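User: I have a model open and want to understand it step by step. Can we start with one residue and then move outward?

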Amino acid sequence: MTISLEREAAAAVPPAGSSRPARPARRRRPLRRLLPSTLRHAVLIVASLIFFGPFIWMVLVSFKSAQEALSVPPTFLPTEWHPENYTRLFEIAPFGRFYVNTVVVAVLSTAGQVITSLMAGYAFARLRFRGRNLLFLVLLAALMVPFEIVFTPLITLLSSLGWLNSYQGLIVPNVPSILGVFLFRQFFSNFPTEIEDAARMDGAGVWQRFRTIMVPMATPMIGSFAILSFVYNWNNFFFQFIAVNRTEFFTVQIGLTLLQSQEGASNFNLLMAGSTLAVIPVLVVFLLFQNQIVKAISGGLR
Amino acid sequence: MTALASARLPESYRRRTMHEKEGRAGYALVAPTTILLSVFYLYPLLQTVVYSFTDWNPGAPGTTSFVGLDNFAGLFAPTSGFLSALRNTAIIAIVVVPGSMAVGLLFAAMLDGPFRGRSFYRTMIFAPHIAPTVGSALIFSYLLTPLGGLVNTALEPFGVNPISFLTTEPWAIVAVIVFIVWQQTGYTMIIFSAALSTIPPSYHEAAKLDGAGVVRRFLSISLPLVAPTSGFLVITGLISTLQVFTQVYVLTGGGPLGSTKTAIYWIYEQGFQFFNGGAATAASVVLLLIGITVTAVQLKFLSRRDTVEML
């Protein structure tokens, strides 16, 4: 931040003054200004390689042969492209089915999270009812206790409901989203009350105001939260891993651990093809909607 | 006067029924979240606490009986392995939380303000946080493989013999820690970026006029002003490292010799492999108490205003 401000200030001065003071400023620039700027870009390029490079490597290796994946020295591009790695993947395990499962679970969990937290967020922000603050405090406390603490009895509960190895078992326990309730409560609290008050004076009931005024106004926030929770639901592993043990209900992530145990350390090209299948959809969603994702994540703060 | 009173009566009556209606609608709107949370979260939480005092077996639930504090005593017996799992979790948390915060803050500071390539760099650094853990962990296990892995190949010219990072001590836990920092840095960066962008530029300009350099301005202006954000990140970071499972499951399977086994991993083994539900739930209760303590201590350090802002 500080570096860029300096640069902005430096850039702002010459056009304001005459052309004469601009010259010495430019002469000084290479040493004093360019160095921090170059240094910054150098650090950030290295960082980009460390943080994003592994994904590029993953895609490249997924097209190599098993031997080439482990060749010393390593090749950057595959000497021979092997797209059949991907078809082999679908022969080893029903990845098509895993994909369908992942999409079904992620989409329905997200829809449930958006609807329930939108409703609760609105109620906590705008409606007065007895016990509201107490209920909200309970949610607040629950946010601090990770789900991983309660999983042993939860699985027994799902088992007694007959929900192990089922879509409802994978989806319904995921639906309540405390984070979503917070985000929407925050959003509606910061919203001016005039429009809703006017509608109330005109005799519009709660549901009508909710549907015709509040939900349309919250559309950008709904979009951000939906994208973020889709990504989190797609990536969810631990809960799915313990709630399911039949292959027909595996998601892509569980399928990957199956692949890891079958192909082990020898066929890294296949493992990378599997990882590519799991990672690419999320990265595409992220690249398309990164502003919304970032907004939803940092919006949890304010 | 009487006219006024009679005009007011229906009005206040109307308003009261309206409030009652709104109250009922309020309950209806919060019901789905509340009911689902009670069934799938609070009820199992209650069961966790109750079962921790019993010899509950998830595989044969009929025979459960009360055993007092035996499970807790068992946890702290040296043979249980729980203490070493707790120690591993603590090591991961103690390195990962400040590590990812320091790197994230550095990047956030470097990415603050407009310059060419800014959003590109942000995207690249943030990507690991959004990618599915199993996929990323498989990439790391490939990069770290002893023969033909990129890391060992890169170390070879320096005369380093191939290292089995994921199956030797202490490298395995180092690899797990590096991986989690790699995943978390994008998150801390985004949160710090949001905090830095709220600092008015005039603060920095004023300090610059007084002759303060880049480092001095960072330490005296940016750092104190992101302190509440750091408090928030410490809490969320500690709570998320208490839950570490997937990273370890894929990278090391808890090995070698349990050196990367985390608390949740230990609970998973007890509950699902050894059907020792009493020990699993007792360990969950201990983790729960640790989480509550950590949060309470943190909230005590944060001022009241910051806490409200945080939520």
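User: Is A:Pro281 buried, partly exposed or exposed, going by its C-beta neighbours inside 10 Å?

Analyst: Note that this is a predicted model. A:Pro281 has 19 C-beta neighbours inside 10 Å. A buried residue needs 20 or more, and an exposed one has 12 or fewer. Because its count is 19, A:Pro281 is partly exposed.

User: Which helix of chain A does A:Pro281 lie in?

Analyst: Look at residues 268-299 of chain A. A:Pro281 lies in the helix that covers them. That helix is α16.

User: How far apart in space are A:Pro281 and A:Val231, C-alpha to C-alpha?

Analyst: In sequence, 50 residues separate A:Pro281 and A:Val231. In space, C-alpha to C-alpha, the distance is 9.3 Å.

User: Now chain B. How many helices and how many strands does it have?

Analyst: Read chain B from the N terminus on. Each element in the run is an α. The totals are 14 helices and 0 strands.

User: What radius of gyration does chain B have, set against a compact globule of 311 residues?

Analyst: A compact globule of 311 residues would come near 19 Å. The C-alpha trace of chain B spans about 100 × 75 × 30 Å along its principal axes. The radius of gyration of chain B is 26 Å.

User: Which helix gives the largest share of the side of chain B that touches chain A?

Analyst: The contact takes 82 residues from chain B and 83 residues from chain A. On the chain B side, 20 residues come from one helix, residues 2-51. By class, that side has 54 nonpolar, 25 polar and 3 charged residues. The helix with the largest share is α1 of chain B.

How values were computed:
Residues are numbered from 1 along each chain as its sequence is written. Chains are lettered from A and ligands numbered from 1 in the order in which they are written. This is a predicted model: local features need pLDDT of at least 70, side-chain atom pairs count only at pLDDT 80 or more; totals for chains, interfaces and linings use all residues. Helices (H or I, at least four residues) and strands (E, at least two) are DSSP runs, numbered from the N terminus. The radius of gyration is taken over C-alpha atoms; the globule rule is 2.2 Å times the number of residues to the power 0.38. Two residues are in contact if their C-beta atoms, placed from the backbone, lie within 7 Å. Ala, Val, Leu, Ile, Met, Phe, Trp, Tyr, Cys and Pro count as nonpolar, Asp, Glu, Lys and Arg as charged, and the others, Gly among them, as polar.
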